[in-house]
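Here is a short set of exercises to work through with the model open beside you. Try each task before reading its solution.

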Amino acid sequence: MNKKIKCIGYTLLSTGIVVFLYIFLHELGHMIIMLSAGATITDFSIFTAHVSAVGGAYTDLSRMCMHVNGSLFPFIIAYVYTLFYRKNNTSSFYRIFSYVVIVISAASICAWVVNPFVYLLGTAPINDDVTKFLTVFSAHYHPLIVSAAAVVLIGMDVVLMIKKRILYNFIEEIKNCSEYAI
């Protein structure tokens, strides 16, 4: 099989798997907090990216945790995965998959960088997790603290990606794909 086609296939397969896992972990992150607040889960769907519950005793802190945990839980799982990355593994799929894991987890945090600015302008999307988080958080703290924290998390991802050679291995893999292309 042509190396270029194989790399494209691995990239598409990796992206599909990681997006599916991200949605599952995102909704699971919300559900964990709902359950800890004593709620009863009434619906959980990966395909519609939705979890709903009834009941529960929520505090301001648990509401904020519920909204942030949708992004934070998959980010933490991806970060832990990255800590165990084997930089000497030469498997094309492993290298591409690992890169996609860290890029998608970091990209999901970007909304937490941008939306506090949009929130301050009064045009934040109403049903967004970041907006719901900021509705509670901004009563006590400045919304841009959220942006700063998100930048730190993304920075941690980038540093780890470089330190563990994920970026280098991915670039090497892409170069290998291009070398053998017809």
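**Exercise 1. Place Ser147 in the fold, decide whether it is buried or exposed, and list what it touches.**

Step 1. Ser147 sits in helix α5, residues 144–163. Helices here are DSSP runs of H or I with at least four residues, strands are runs of E with at least two, and both are numbered from the N terminus.

Step 2. Ser147 counts as buried because its relative accessibility is 5%. The cut-offs are: buried under 20% relative accessible area, exposed over 50%, and partly exposed in between, using a 1.4 Å probe and protein chains only.

Step 3. Setting aside residues up to four places away in sequence, Ser147 touches Trp112, Val113, Pro116 and Phe117. Contact means heavy atoms within 4.5 Å.

Before going on, two notes on the model. It is predicted, so local features need pLDDT of at least 70 and side-chain atom pairs count only at pLDDT 80 or more, while totals for chains, interfaces and linings use all residues. Residues are numbered from 1 along each chain as its sequence is written, and side-chain values use heavy atoms, with hydrogens and water left out.

**Exercise 2. Starting from Trp112, find the largest nonpolar core and say which elements build it.**

Step 1. Look around Trp112: apart from neighbours within four places in sequence, it is in contact with His67, Val68, Ser71, Asp129, Val130, Phe133, Val146, Ser147 and Ala150.

Step 2. Now widen the view. The largest nonpolar core has 13 residues, and those with the most contacts inside it are Trp112, Phe133, Leu134, Phe137 and Val146. A nonpolar core is a set of buried Ala, Val, Leu, Ile, Met, Phe, Trp, Tyr and Cys residues joined through side-chain atoms within 4.5 Å.

Step 3. Two or more residues of this core come from each of α2 (60–83), α3, α4 (129–137) and α5. Helix α4 gives the largest share, five residues.

Step 4. There is also a second, separate core of nine residues, which includes Cys7, Val101, Phe170 and Cys177.

**Exercise 3. Why is α4 described as largely enclosed, and what covers it?**

Step 1. Seven of the nine residues of α4 are buried, so the rest of the structure largely encloses this helix.

Step 2. The buried ones are Asp129, Val130, Thr131, Phe133, Leu134, Val136 and Phe137.

Step 3. Their cover includes α1, α2, α3 and α5.

Step 4. Finish at the start of α4, where a side-chain oxygen of Asp128 comes to within 2.9 Å of the backbone nitrogen of Val130.

**Exercise 4. Trace the network of salt bridges that includes Arg95.**

Step 1. Place Arg95 first: it belongs to helix α3 (residues 92–121), and it is buried, with a relative accessible area of 5%. Neighbours within four places aside, its contacts are Tyr85, Lys87, Asn89, Thr90, Asn169, Phe170, Glu172 and Glu173.

Step 2. How many salt bridges does a search of the whole structure find? It finds three. A salt bridge is a side-chain nitrogen of Lys or Arg within 4 Å of a carboxyl oxygen of Asp or Glu.

Step 3. Glu172 pairs with Arg95, with the closest N and O atoms 2.6 Å apart. Glu172 is in helix α6 and Arg95 in helix α3, so this pair ties together parts 77 residues apart in sequence. Glu172 is partly exposed, at 27% relative accessible area.

Step 4. Glu173 and Arg95 form a salt bridge at 3.5 Å, N to O. With Glu173 in helix α6 and Arg95 in helix α3, the pair ties together parts that are 78 residues apart in sequence.

Step 5. Glu173 also meets Lys3 in a salt bridge (3.2 Å, N to O). Because Glu173 lies in helix α6 (residues 166–179) and Lys3 in helix α1, this pair ties together parts that are 170 residues apart in sequence. Glu173 is buried, with a relative accessible area of 2%, whereas Lys3 is partly exposed at 21% relative accessibility.

Step 6. Put the pieces together: Lys3, Arg95, Glu172 and Glu173 are linked in a network of salt bridges.

Conventions:
A polar contact is a pair of N or O atoms within 3.5 Å; within protein, one must be able to donate a hydrogen and the other to accept it, and residues adjacent in sequence count only if both atoms are side-chain atoms.
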